[in-house]
Amino acid sequence: MAGRIKTPTNVKLLTNVAVVRMKKNGKRFEIACYKNKVVNWRNGTEKNIDEVLQTQNVFTNVSKGQLAKRDELLAAFQMEDQLDICKEILNKGDLQVSDKERQVQSESGFKEVANLIAGMCVNPDTKRPYSPAVIEKALQEHHFSLKSNRSAKQQALECIPKLRETMKIDRAKMRLRVSVPAKEAKAIHTKLVEKFNEVEVEEWEQGELEVVGLIEPGNYRDISDFLQKETKNKGQMELLSLKVMNEGEIEIS
């Protein structure tokens, strides 16, 4: 019977991993992560470290399963806790991906950003949305490059002001209904109405106030906080639509 091949005790074999690498104190250190989780951790959408790390061990070479020695870690990081060292490498290290993976991720991320912008914005003159293809072309002209440490939505929001330099584009307005009890209605009426870009309906019934109109998406939280504070949480808000489409049509979301 052939003898068993034993794996050395300092070797841990892993498969289907995403490797994050950091050079420190003249030595290379690596950690083994689950694919697609590193970016989620860095942009804050994943907060559970156990969902990111395949193992809480630090390696000198993940592909060969070679674990880093304790004295090497202490010299390089001035600490021994491997989880803390893993977090430092995860946050500051370089994510290792193949050229093919990098190209696929870049193309997919680019299209996601373009689709988000197309969904959030309109031409302010026509009130009509742009197609994703038009947004993609505009992003290319601005030499937009995807950042791995920021979410697609964050990058989409950051791109909109830059796109305004070469095209007419604005965030689509949100249609909002606000109801205020009679006790507070008169006192806050003027300030409330001023927070709308356009008031479509203003009705008073038995002292209660109802306002329907269009607001900038960025003002939603401000109006919510204002209403809660001034009415002691008795006022109500209802989002009627996320964007105004062409010819007055409304897309309910």
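A residue counts as partly exposed when its relative accessible area falls between 20% and 50%. Lys-24 is partly exposed, because its relative accessible area comes out at 26%. This is a predicted model, and Lys-24 makes a handy way into it.

Lys-24 pairs up with Glu-88 in a salt bridge, where the closest N and O atoms are 2.6 Å apart. Lys-24 belongs to strand β1 and Glu-88 to helix α3, so the bridge ties together parts of the chain that are 64 residues apart in sequence. On the other side of this bridge, Glu-88 is buried, since its relative accessible area is 16%. In total, the structure holds 15 salt bridges. Another one brings together the side chains of Lys-37 and Glu-46, at 3.2 Å from N to O. Here Lys-37 is partly exposed at 23%, while Glu-46 is buried at 14%. Then there is Lys-173, which forms a salt bridge with Glu-216, with the closest N and O atoms 3.4 Å apart. This pair links distant parts of the chain, 43 residues apart: Lys-173 sits in the loop between β7 and β8, and Glu-216 in the loop between β10 and α8. Lys-173 is partly exposed, with a relative accessible area of 22%, and Glu-216 is partly exposed too, at 27%. Arg-21, Arg-28 and Glu-30 go a step further, joined into one network by salt bridges that share partners.

Next come the aromatic rings. Two aromatic pairs turn up in a search of the whole structure. One is made by Phe-29 and Phe-77, an edge-to-face pair with 5.2 Å from centre to centre and 65° between the planes. Phe-29 comes from strand β2 and Phe-77 from helix α2, so this pair ties together parts that are 48 residues apart in sequence. Phe-29 is buried, with just 1% relative accessibility, and Phe-77 is buried as well, at 5%. The other pair is tilted, because the rings of Phe-110 and Phe-144 have centres 5.9 Å apart and planes at 45°. It also links distant parts of the chain, with Phe-110 in helix α4 and Phe-144 in the loop between α5 and α6, 34 residues apart. Both Phe-110 and Phe-144 are buried. A ring can have a charge for company too: the charged end of Lys-195 sits over the ring of Phe-226, 5.0 Å from its centre.

Phe-29 and Phe-77 show up again in the largest nonpolar core, which has 20 residues; they are among the members that touch the most others, together with Ile-31, Cys-33, Val-58, Ile-89 and Leu-90. The elements giving two or more residues to this core are β1, β2, α1, α2 and α3. Helix α3 gives the most, with four residues. Leaving out residues up to four places away in sequence, Leu-90 touches Val-20, Ile-31, Cys-33, Val-38, Trp-41, Arg-42, Ile-49 and Val-52. A second, separate core has 19 residues, including Phe-110, Met-120, Ile-135 and Ala-152.

Last up is strand β8. Five of its seven residues are buried, so β8 is largely enclosed by the rest of the structure. It pairs with strand β10 in the antiparallel sense over seven bridges, and Val-178 stands opposite Val-211 in β10. β8 also runs antiparallel to strand β11, joined to it by five bridges. Within that pairing, Arg-177 stands opposite Glu-238 in β11.

Note on methods:
Residues are numbered from 1 along each chain as its sequence is written. This is a predicted model: local features need pLDDT of at least 70, side-chain atom pairs count only at pLDDT 80 or more; totals for chains, interfaces and linings use all residues. Side-chain values use heavy atoms; hydrogens and water are left out. Rings of Phe, Tyr and Trp (its six-membered ring) pair if their centres lie within 6.5 Å; planes under 30 degrees apart count as stacked, over 60 as edge-to-face and the rest as tilted. Buried means under 20% relative accessible area, exposed over 50%, partly exposed in between (1.4 Å probe, protein chains only). A charge sits over a ring if NZ of Lys or CZ of Arg is within 6 Å of the ring centre and within 35 degrees of the ring normal. Two strands pair if DSSP finds at least two bridges between them. A nonpolar core is a set of buried Ala, Val, Leu, Ile, Met, Phe, Trp, Tyr and Cys residues joined through side-chain atoms within 4.5 Å. Contact means heavy atoms within 4.5 Å. A salt bridge is a side-chain nitrogen of Lys or Arg within 4 Å of a carboxyl oxygen of Asp or Glu.
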